[in-house]
Amino acid sequence: ENVLGQKFIVDLVLSADLQLAGQSDNLENTVNYAEVYKSVKGVVEGPHHQLIESVAESIASEVLKNNKLVKDVTVTVHKPHVAVEGKIDTLGMPSIFAQAKARMFACY
């Protein structure tokens, strides 16, 4: 895997308030899936990661950074053809990430 590379299958579940998009029927009021895909592709085809958890973290980070409407994202990175005993199509573990909450501090 480290020498030849590894294929991944990536599943995303995005959470966003899309009420305005539904009312306006305007692309500017929704999540641009082409941009989400570009973020995922950049991570998967970018620098090498040892762990699929690291790939998931990087994908979530990019998606949340580049899509302000997305409040949280569940990323599952599946590894097909895993070298384990038994018949398994893919292995993967869902990872959930959320936008950082803004905090306000008062100084007296």
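In this predicted model, the buried residues of helix α3 are covered by elements that include β1 (9-16), α2 (33-44), β2 (70-80) and β4 (94-98). The residues concerned are Ile52, Val55, Ala56, Ile59, Ala60, Val63 and Leu64. Viewed down the axis of α3, these buried residues fall within an arc of 155°, so they line one face of the helix. The helix itself comprises 15 residues, 52-66, and reaches 21 Å from its first C-alpha to its last, close to the 21 Å expected at 1.5 Å a residue.

Helix α2 can be read in a similar manner. Its 12 residues should span 16 Å at 1.5 Å a residue, and its end C-alpha atoms are 16 Å apart, which agrees. The buried residues of α2 are Val36, Ser39, Val40 and Val43. They cover an arc of only 95° around the axis, and therefore sit on the same side of α2. That buried set packs against β1 and α3. The face turned away from the buried side of α2 carries the exposed residues Ala34, Tyr37 and Lys38. At the start of this helix, a side-chain oxygen of Asn32 comes to within 3.0 Å of the backbone nitrogen of Ala34.

The discussion now turns to the nonpolar core. In soluble globular proteins, nonpolar side chains tend to be buried together. Here the largest nonpolar core has 16 residues, of which Ile59, Val73, Val75, Val77 and Phe97 touch the most other members. Two or more residues of this core are given by each of α2, α3 and β2. The largest share, seven residues, comes from α3.

Val77, one of the core members with the most contacts to other members, also leads to the neighbourhood of the loop after β3. Residues up to four places away in sequence aside, Val77 touches Ile52, Val55, Ala56 and Ile59, and among its further contacts are Phe8, Ile9, Val10, Leu91, Gly92 and Met93. Gly92 belongs to the loop between β3 (90-91) and β4. Although Gly92 and Val77 are 15 residues apart along the chain, their C-alpha atoms are separated by 5.5 Å. With a relative accessible area of 41%, Gly92 is partly exposed. Beyond its neighbours within four places in sequence, Gly92 is in contact with Ile52, Thr76, Val77 and His78.

Thr76 is placed in strand β2. This residue counts as buried because its relative accessibility is 11%, below the 20% limit for that class. Apart from neighbours within four places in sequence, Thr76 is in contact with Ile9, Val10 and Asp11, as well as with Gly92, Met93 and Pro94.

A further buried polar residue is found beyond the end of α3. Asn67 lies in the loop between α3 and β2, and its relative accessible area of 7% makes it buried. A polar atom of the Asn67 side chain lies 2.9 Å from the backbone oxygen of Val63, a residue that is itself among the buried residues of α3. When residues up to four places away in sequence are not counted, Asn67 touches Val31, Asn32, Glu35, Val36 and Gln99. Two of these partners have already appeared at α2: Val36 is one of its buried residues, while Asn32 provides the side-chain oxygen at its start.

Key
Residues are numbered from 1 along each chain as its sequence is written. This is a predicted model: local features need pLDDT of at least 70, side-chain atom pairs count only at pLDDT 80 or more; totals for chains, interfaces and linings use all residues. Side-chain values use heavy atoms; hydrogens and water are left out. Helices (H or I, at least four residues) and strands (E, at least two) are DSSP runs, numbered from the N terminus. The expected span of a helix is 1.5 Å times one less than its number of residues. Buried means under 20% relative accessible area, exposed over 50%, partly exposed in between (1.4 Å probe, protein chains only). The arc is that of the directions from the helix axis to the C-beta atoms. Contact means heavy atoms within 4.5 Å. A polar contact is a pair of N or O atoms within 3.5 Å; within protein, one must be able to donate a hydrogen and the other to accept it, and residues adjacent in sequence count only if both atoms are side-chain atoms. A nonpolar core is a set of buried Ala, Val, Leu, Ile, Met, Phe, Trp, Tyr and Cys residues joined through side-chain atoms within 4.5 Å.
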